[in-house]
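Colleague: Could you take one part of this model and go through it closely, setting it against the rest of the chain?

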Amino acid sequence: MSSTFDQIKQREHGLRRELTSPQLTMIALGGAIGTGLFLGS
């Protein structure tokens, strides 16, 4: 079991968990549109 976990850790070593500014903008825009649709219904 741990060998499988070690393989996954090796494979995903270079990945970073972060959001860029355009991604945050699109999330905010989607939230605003979704709120407007919810309140308008």
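Modeller: What follows looks at one helix, its surface and its surroundings.

This is a predicted model, in which local features need pLDDT of at least 70 and side-chain atom pairs count only at pLDDT 80 or more, whereas totals for chains, interfaces and linings use all residues. Residues are numbered from 1 along each chain as its sequence is written, and side-chain values use heavy atoms, with hydrogens and water left out.

The protein chain has two helices and zero strands, where helices (H or I, at least four residues) and strands (E, at least two) are DSSP runs numbered from the N terminus. The part chosen here is helix α2, which covers residues 21-40. The expected span of a helix is taken as 1.5 Å times one less than its number of residues; for the 20 residues of α2 this gives 28 Å, and the end C-alpha atoms, 29 Å apart, agree with that value.

Is this helix covered or in the open? Of the 20 residues of α2, the number buried is zero, so the helix lies largely in the open. Here buried means under 20% relative accessible area, exposed means over 50%, and partly exposed is in between, with a 1.4 Å probe and protein chains only. Individual positions can be placed on that scale: leucine 24, found in helix α2, counts as partly exposed because its relative accessibility is 46%. Leucine 29, in the same helix α2, is partly exposed at 45%, and glycine 34, also in α2, is partly exposed with a relative accessible area of 33%.

Leucine 29 also takes part in a nonpolar surface patch of about 440 Å², which it makes with Met26, Ile33 and Leu37. Such patches are made of residues with over 30% relative accessible area and no salt bridge, like charges being joined within 9 Å and nonpolar side chains (Val, Leu, Ile, Met, Phe, Trp, Tyr) within 5 Å.

Two C-alpha separations help to place the helix. Leucine 24 and phenylalanine 38 are 14 residues apart in sequence and 21 Å apart in space, while glycine 34 and glutamate 18, 16 residues apart along the chain, are separated by 23 Å.

Glutamate 18 leads on to the charged pairs. The structure holds two salt bridges, each defined as a side-chain nitrogen of Lys or Arg within 4 Å of a carboxyl oxygen of Asp or Glu. In one of them arginine 16 pairs with glutamate 18, the closest N and O atoms being 3.6 Å apart; arginine 16 is exposed at 65%, and glutamate 18 is exposed at 52%. Arginine 11 and glutamate 12 also meet through their side chains in a salt bridge, at 3.7 Å from N to O; arginine 11 is exposed at 62%, whereas glutamate 12 is partly exposed at 39%.

For the chain as a whole, buried residues make up 0% of the 41 residues. The protein chain exposes about 4,200 Å², of which carbon and sulfur atoms supply 63%, the areas coming from the Shrake-Rupley method with a 1.4 Å probe and, for residues, only the protein chains shown counting as cover. Along its principal axes the C-alpha trace spans about 50 × 25 × 10 Å.
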